[in-house]
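Student: I am new to this structure. Can you show me how to read a few of its features?
Tutor: Gladly; here it is.

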Amino acid sequence: MVRYLAPPPTVPVASPLSVSNENIARLSRVATPRSGKVALTNFLKISAMQFPPKDENASKEILNFIQSTQLKDEQWNLLKSLYKQLEIDTIPSLFVAMIYKLDKARKVDLSGAFPTWKTVTYLKRRAARYLRKLAIENETLYVRICKDLMLLQKKEIHFEVQWVMNQMLVGDSKRFEQKRNGRGEITQKIGLPNIVRSEEKFSEIWNKYPAVLELILKENGLAIEVYEFAIKVLLRNGCEIPVLNNAQFDQFFQSDSPFLHYSAAEQGFEKLRLGIPLSNNLKAKIYFFSDEKCRKFIINSIQNPIIKTKNPQSIFGKMMSVFAEKEVAQKSDLEFFVNELTSVTFQFLGKKYLISNRIEKSLNFLFKHKSLIQPKVLFENANSIFLSEKTEWEDVVLNTMPIYLLNSTLSWLVSFKNITNVQKDRIFLKLSERYQGWSSPKLSNEAQHKFIYDQNFLAADFGWFLICKNLSAASQVMDRVIWNLSWKGASEHAFQHLVKSRYATEILLTKASRQLSQTIFSDKNIVYVINNGHDLLRLHGQTFIKKNAESNFFGILVTISRLSKLRDKLLAEIEPNLNPKRFNAQNLFHCLHHSNNWVSENTWRIIEAKTPKKEVIQQVLLFTIYQKEESKVADFISQISAIKNPVFKQNFTLALSHIFQTNPHAINRMANLFDLVMQVVDIESIIRILKAVDDRNWNRIKPSIQKIAEGKSGVSFWLELLDLIAEEEDNSVLVNRFLEDPILSQTFFKIKSPDVLDCHHPAFENILARWLKSNENLFESNSPELFKAATHRLPKIRNWALQKAQDVGMDVPFAMELMESGLPESVKFGQQFFEKAKAGTSDELENLLALCDSPNSEVRLFGMSFFQSRKDNFDSNLALECLSEHTDPIIQEFIVEKLGEKNSSDEGISSGEKGTLKFTRKFDQSVLRTKNRGRKAKELVKNRLEEDLNVNVETLLELARGHNKKDKEWALEQLTKLALKGEEMPDFQLV
């Protein structure tokens, strides 16, 4: 924020209010011929002056400039500069005019490029801040400036933009709140002022200046907020309110301020008490806003006035004259007062819509004197009377009105607002009494021309009420009116009233349904009727829509969408009964591409669930293709790609295929969208579509096909293409278009994915071999891609890959995978890898373990033969120990045999120590505990253990307790041998 620094206050310095010559020239160019010339003249005068002004004339010119200048461009710059000078050297008259102009400024007043509203609000805040500072430093000047500002408020004050007045008058109020931390609009939270605490800013200052407040109150035509401010301070300090004039009395009583009501009532009553004559209207207002004691005095003064009479010649004549004048005055004054009080009471009720204690007492008094109330007064306040919802007062109005309103029925009906249906029926019944006995033609003519076409609904409704009981008149009027109104529809007031009227609805429902369908329920009117019509008509309208939806759903879906509150409910009721065989292509196309998202989204959802016929989809697709904007076609195909229904996809594929076969122009328009079509239709279907295209159209879409073949879907495309070619005869059109085409055929060799090798048909062996040579760099040593090629079904592919593997080398896992593939060449190649391993290296043992760990039994058998052939090259005990952890029965049998061979061939080992290798006992235990498999290995272990009994007793006990009879008997036999040898076994004893 830019800060403006004031010069030192000790020495007043005259400041030039000047701007650059460039800005002056620019302002002169944009000046308008008439008003702009005057503005420019004033601008140039002020900009050439020194501040502060030297004399009174200079001050007047500056004041005139402030009052007349506009908030824009260079005028604003000068105005802003002048404001800053006034803060430094405050001249009250100029400063008041400046603050008034800034405070009244609204956003709509800003017509130029600058200032911005943000700048204006900144100066509003700055002015308010300056006044707060002034109240602390110079309260006399503060009071003067505030007083002068208040005297300028001749119209309503808008606190939401008048921030200075808001701070001054209600700165401490809880009723108002400013948004955005004091930078936004001011809003009112509570309606009435707080009567307990003070709301004005710096109330302690204003308590010292009652004379200033009295001066403000003597000014006529000020804003209510200013008067309220002054009255509140005076009342709080017990000061006397200055005498109000008649205009102020009216203004105070018409306001919403209880302070002004109280002050005006008090002062008015004082005038009555002193015998000062007042009008009956003023007396009524004083009565309405006074307490019970004052009310009694007012009524007594009206009923017993002091009468001044002429001096008759005789005493008897004088007495009779006084009596007569008193009687006439009593009746006349009371009647006038009652009528005035009636107007005041019901006008106030009409503003507040609330029956307070004051209103209740006035109503009670008026009801006692209801006979004095003139029909005209009742007529003028009838709406407020009915808003009170007091039946006794409604009866007064209804009993008086028919007599008074012989020729004013229409104008009286128009005056009613917000009455209930019960009240309306009572009014209609009473008013209709004057039409009893009228003939049908006369009644229908009166209802139609006087009421039905009126812009007021109550008047029109009364017209329909008049004729609804007379079938002849109702039929005549409805036949004439409905055809005249239906073509205008909801734009005509009379049509709006017709569909809302309960009485008109009753007439309509007795007529033929033809009038409902062709007039009321036409496409132009049905939405308005269902959204705004009478409940009975709305229900009939919904039924009408449901019935039409059965045969033309997408023709009426847009209409349903406009029923914002009912559309989801209606759609849920209609959707289960839809028959896709009845879907119309043109209407479906219109709904799919509709700008209303609700329509398009529900259309897509419905056709996914209820698939249209392929002929309908074909027509919709054609309509879409022939749209001018290609983006809409792309959006349409993208939407189809999201549909999961296979039946729909099949129908769409059939429709698209038919179009490509029969409509060359459509193919031309679709040429750039084939990548999107690929997302919708499976590749097999795309290829079949391409096969159906004739040679002429093939050349049109060939560039798009090339794009697809080279794209991310190229592998899938070629695989499907080759499969389809393989299924057909040699003279397939696809062979000519793809394999023999010099351009498209090359796209196959550009594919950089080993998935190409998913093709295994012998017819394409040479093509695949060429692809391998073109993409040799994809096949690295020991890679999955190389393995895929090495195990391919086609010999050329397989042999090439095996040779590649031999050239680049391979590791144990790769060789294992080749052996596990089961292909003879690959298995043999893998075996050669292990057979060529150097003897006497650690690799031999690792190779052995890898082979014996294979899930493939053939590989494990090869591993055991590998062990047998190379057992002298590595530590066989270590090898057997590693293999002993294997659970395969064949491996276990192999280990048992090798252990037996080793025990029988070892020299220098006693018979008791044979078979005592560290892992042997653990291996034996695991084999013996094995159930239901590895029987041969188990028997071999038993045979070996019978010789040295090097077995765990717990294992024998476990077998002895088992369910296998053979194992159980063997275990008991070994336990017996151990017991005879003297080994202690707590859980086994010989008896």
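Student: In which loop does Phe-202 lie?
Tutor: Place a loop by the elements on either side. This is a predicted model. In it, strand S4 (186-188) and helix H9 (203-206) bound the loop that holds Phe-202.

Student: What is the phi of Phe-202?
Tutor: Look at the sign as well as the value. Phi of Phe-202 is near 55°. That is positive, and the residue is not a glycine.

Student: Is Phe-202 buried or exposed?
Tutor: Compare its relative accessibility with the cut-off. Buried means under 20%. Phe-202 has 15%, so it counts as buried.

Student: Where is Asn-418 found?
Tutor: Use the flanking elements again. Asn-418 sits in the loop between helix H21 (409-414) and helix H22 (421-431). Its phi is near 65°, again a positive value in a residue other than glycine.

Student: Is Asn-418 buried or exposed?
Tutor: Exposed means over 50%. The relative accessible area of Asn-418 is 63%, so this residue is exposed.

Student: Now the whole protein. How many helices and strands are there?
Tutor: Count each kind of element. The protein has 56 helices and four strands.

Student: What share of the residues is buried?
Tutor: Of the 991 residues, 48% are buried. The accessible surface comes to about 51,200 Å². Carbon and sulfur atoms hold 50% of that surface.

Student: What share of the contacts joins residues 24 or more positions apart?
Tutor: Mind which contacts are counted. Among those with a separation of 6 or more, 66% link residues 24 or more positions apart.

Note on methods. Residues numbered from 1 in each chain as written. Predicted model: local features only at pLDDT ≥ 70, side-chain atom pairs only at ≥ 80, totals over all residues. Heavy atoms only, no water. Helix = DSSP H or I, 4+ residues; strand = E, 2+ residues; numbered from the N terminus. Buried < 20%, exposed > 50% of the residue type's maximum accessible area, 1.4 Å probe, protein only. Contact = heavy atoms within 4.5 Å. Areas by Shrake-Rupley, 256 points an atom, 1.4 Å probe, with all protein chains shown as cover.
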